[in-house]
Amino acid sequence: MHQFSAPQKQPSATLVYDRIMRLDDFTAPNTLAARGALALSRQYYSPAMKNHVLRSWYIAEGIAVAHAIEGLDHELLYVSALLHDIGISAEFDNETLSYEHAAGHVGIALTAGAGWSSDRRQRVLDVVVRHNWTSVDPDLDPEGYVLELATGLDVTGANLDVLPRSFLEELTNTFPRGTFGREFSTAVARQASRKPETSAARLMANDLPGRMRRHPLEPIP
């Protein structure tokens, strides 16, 4: 999955990684579930949202290298990363469930069709839901840990120094942010208004739109 040795695992999310890291170092799994997740991302996300979930996967894989996380289920991570926001798409927007729970259940349905065991299908739900936690214990859930850090970095620029700036700039140039800030903050605001007990309300209370506008890599007007 990667072509260079990584430093020892660190407990901090702010590990500075100063070796060369490129997008070409990471290859998407070529499995039924992975191909299905990519097909869903192309069908149900806008171009900006699709770029976000792809950036999130690359960042998560990069963090796994930088933190020397071993034994990662790369197929599980890929499927979870690509589907983690699909619950805000109109076709999968649940009346009562938070958008991340709705997305996790889409993952369960997809991976059931791909023949995953019930325990592994549950892991998709776990990882997708935990991406919206404020933090995840890497010993509890390594895939959830890297995806939570990755989505935080991509959405608001949190823990930006966890990966080389050159890698993040290549990623943004390859998968531009475009209208992501406006689309995502508007969608989360709608979720928070309709479902105020869910994580969407916490994100809005923490000034999600403002934090996205101040993203260090590419500020959004």
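Helices (H or I, at least four residues) and strands (E, at least two) are DSSP runs, numbered from the N terminus. With that in hand, start your tour of this predicted model, where local features need pLDDT of at least 70, side-chain atom pairs count only at pLDDT 80 or more, and totals for chains, interfaces and linings use all residues. Residues count from 1 along each chain as its sequence is written, and side-chain values use heavy atoms, leaving out hydrogens and water.

**Select the whole chain, as cartoon.** You'll find 10 helices and zero strands, so to read it from the N terminus, follow α-α-α-α-α-α-α-α-α-α. The C-alpha trace spans about 45 × 45 × 30 Å along its principal axes. A compact globule of 221 residues would have a radius of gyration (over C-alpha atoms; 2.2 Å times the number of residues to the power 0.38) near 17 Å, and the chain agrees because its value is 16 Å.

**Colour by pLDDT**, the predictor's confidence in each residue, from 0 to 100. The chain averages 91, and 90% of the residues score at least 70.

**Now select residues 1-14.** Here pLDDT stays under 50, and the model has 42 contacts (heavy atoms within 4.5 Å) beyond four places in sequence for this stretch.

**Switch to the surface.** About 9,800 Å² is exposed (Shrake-Rupley, 1.4 Å probe), with carbon and sulfur atoms supplying 50% of it. Buried residues (under 20% relative accessible area, 1.4 Å probe, protein chains only) make up 55% of the 221.

**Last stop: select Lys and Arg, then Asp and Glu.** Those count as positive and negative, with His and the chain ends not counted. The chain has 21 positive and 27 negative side chains, and the centres of the two sets lie 5 Å apart.

Terms used:
Buried means under 20% relative accessible area, exposed over 50%, partly exposed in between (1.4 Å probe, protein chains only). The place of a charge is taken as NZ of Lys, CZ of Arg, CG of Asp or CD of Glu.
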